[in-house]
Amino acid sequence: PGSCRALCVCSEAAKTVKCVNRNLTAVPPDLPPYVRNLFITGNRLARLPAGAFPAQRLTDLSALNLSGNHLRAVEAGALAALPALRQLDLSGNPLVSLSPQAFGEGGSPLEELALRGALRNHSVLLSLAAMLQSGALHNLSRLELADNGLLLLPAGMFTALPALRQLDLSNNSLVGLRNVSFQGLGQLQSLNLSDNSLGVLRNGTLAQFRGLPALRRIALGRNAWVCDCAIEDLVAWLKESDQVEGKEALTCAYPDKMLGKALLKISSSDLNCSVPTDLPSQLQTSYVFLGIVLALIGAIFLLVLYLNRKGIKKWMHNIRDACRDHMEGYHYRYEINADPRLTNLSSNSDV
C-alpha cells in the first residue's frame, strides 16, 4: 500500500515492516497483513490506545518492537488484537501507565517481553506485577527488567510464570531479595542480578536457588557485598554451588578492612562473629524469655494465693467488718444531722 511505502520500509519477502524515526504519533492504519516483524521505533507515539492495531488484520505478527517511542501510556486492549504475538519490546519508553489488561481479557501467547529502562515509575512496576500475577502472560519465557533503578520488587511478582527461563534484573539498585519468591519457576535457567546494590543473600533466597533444578547461570557481579557475619551462608553456598558464573571475581565492598577481598577466600577467622548480628532474632528471643519469666511469676503468685486462701479469707472478712463499722458511724451521724431534735439532744449532751 502507498501509506506503507510513504511512512515505512516494507519487505514482503522478509515479512518485515520498519517505521523508524518517522515522527509518527500513531500506529500506521494500513500495515500490510503479511507482516511478521514490525519495527515502530524512534517515533512520538505518546500513547497506545485500545485497538491501536487493526483487529483481525495482523494475524501473523509475531515480533513487535516499540522501543524509544516516548510512550507514556499503554491502555487496556492496546495489544489485544495480535493473536500470534511472541516478542514485544517496550524498552526506552518513559511509561507512567501500563494497564494490566493491555493484552485483553484472554491473555496473550507472548513469550518474550523487554522493558529495559521503561519502569522508572513505581506505579508502572506495580501494574506490571499485577499483570504477571493475573496469569495473562503465563507463556512468558524471557523477561528483561534491566536499567530501571529498581530498589525492591513487589512480593510474588513472578509466581505465575511457570514457563520463565530467562530473567534479567541487571543494572538496577536492588538492595535485597527477601520478599522475592522464585518458587514455581521450575524452568528458570538464567538469572542476572549483576550491577545492583545487594549486600548479602539470606538463607531463604539461597534455599530457593538450590531448589530450582534448571537454574545453571546466576550472575552476581558488581554488587556491594558486605563481608560481616551475615555473609557466612552466602560464602558457604558459593563454595559448594556451580550455579554462579564468575564467582571467583566476587569481592567485598564493606567494611574497609575487607575491601577487595574475594568472597571465596573468606574464612571464619576473617569475620568477628563473637556477637550475633541478627538483631531481630535477638529481640524475638528476648521477648520469648520475658514471656516465660512473666508466666512463671504469675504461676507463683497464684500458688501463693491458693496456699494462703484461709488467711486471705479472714483478712477479707476483717476488712469487710471494718468497712461496715465505718459506714454505720457515717449513717449514725447522718441521722443526727437530719433530725433537729436529735441535734439539740446531742448539743445538750455535749454541754
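**Figure 1. Salt bridges across the whole structure.** Search this predicted model from end to end and ten salt bridges turn up. The idea behind them is familiar: side chains of opposite charge can pair when their charged atoms come close. The next views zoom in on some of these pairs.

**Figure 2. Arg116 meets Asp147.** Here Arg116 makes a salt bridge with Asp147, and the closest N and O atoms sit 2.5 Å apart. The pair links distant parts of the chain, with the two positions 31 residues apart. Arg116 comes from the loop between strand S9 (112-114) and helix H2 (122-133), while Asp147 belongs to the loop between strand S10 (142-144) and strand S11 (166-168). Which side of the cut-off does Asp147 fall on, buried or exposed? Asp147 has 16% relative accessibility and the buried class is anything under 20%, so Asp147 counts as buried. Arg116, with a relative accessible area of 30%, is partly exposed.

**Figure 3. Arg142 and Glu144.** This close-up shows Arg142 in a salt bridge with Glu144, their closest N and O atoms being 3.1 Å apart. Glu144 is buried, at 8% relative accessibility. Arg142 counts as partly exposed, at 28%.

**Figure 4. Arg210 and Glu240, helix to helix.** In this view Arg210 pairs with Glu240 through a salt bridge, with 3.2 Å between the closest N and O atoms. Arg210 lies in helix H3 (residues 203-210) and Glu240 in helix H4 (residues 232-240), so this bridge ties together parts that are 30 residues apart in sequence. As for solvent, Arg210 is partly exposed, with a relative accessible area of 43%, and Glu240 is exposed, with 57%.

**Figure 5. One network of shared partners.** Which residues get joined up when salt bridges share partners? Arg116, Arg142, Glu144, Asp147 and Asp168 end up in one network. Two pairs from the earlier views belong here: Arg116 with Asp147, and Arg142 with Glu144.

**Figure 6. The cavity and its lining.** Now for some empty space. Rolling a probe the size of a water molecule over the atoms shows where empty space is left. The structure holds one cavity of 30 Å³ or more, and the largest cavity has about 50 Å³ of space in it. What lines the largest cavity? Leu88, Leu90, Leu98, Phe103, Leu113, Leu115, Leu128 and Met131 do the job. By class, that lining has eight nonpolar residues, with no polar and no charged ones.

Note on methods:
Residues numbered from 1 in each chain as written. Predicted model: local features only at pLDDT ≥ 70, side-chain atom pairs only at ≥ 80, totals over all residues. Heavy atoms only, no water. 1 Å grid on protein atoms, 1.4 Å probe; cavity = no way out; pocket = protein on both sides within 12 Å on 5 of 7 lines; lining within 4 Å. Points joined across faces, edges and corners; volume = space filled by probe spheres on them. Nonpolar A, V, L, I, M, F, W, Y, C, P; charged D, E, K, R; others polar. Salt bridge = Lys/Arg side-chain N within 4 Å of Asp/Glu carboxyl O. Helix = DSSP H or I, 4+ residues; strand = E, 2+ residues; numbered from the N terminus. Buried < 20%, exposed > 50% of the residue type's maximum accessible area, 1.4 Å probe, protein only.
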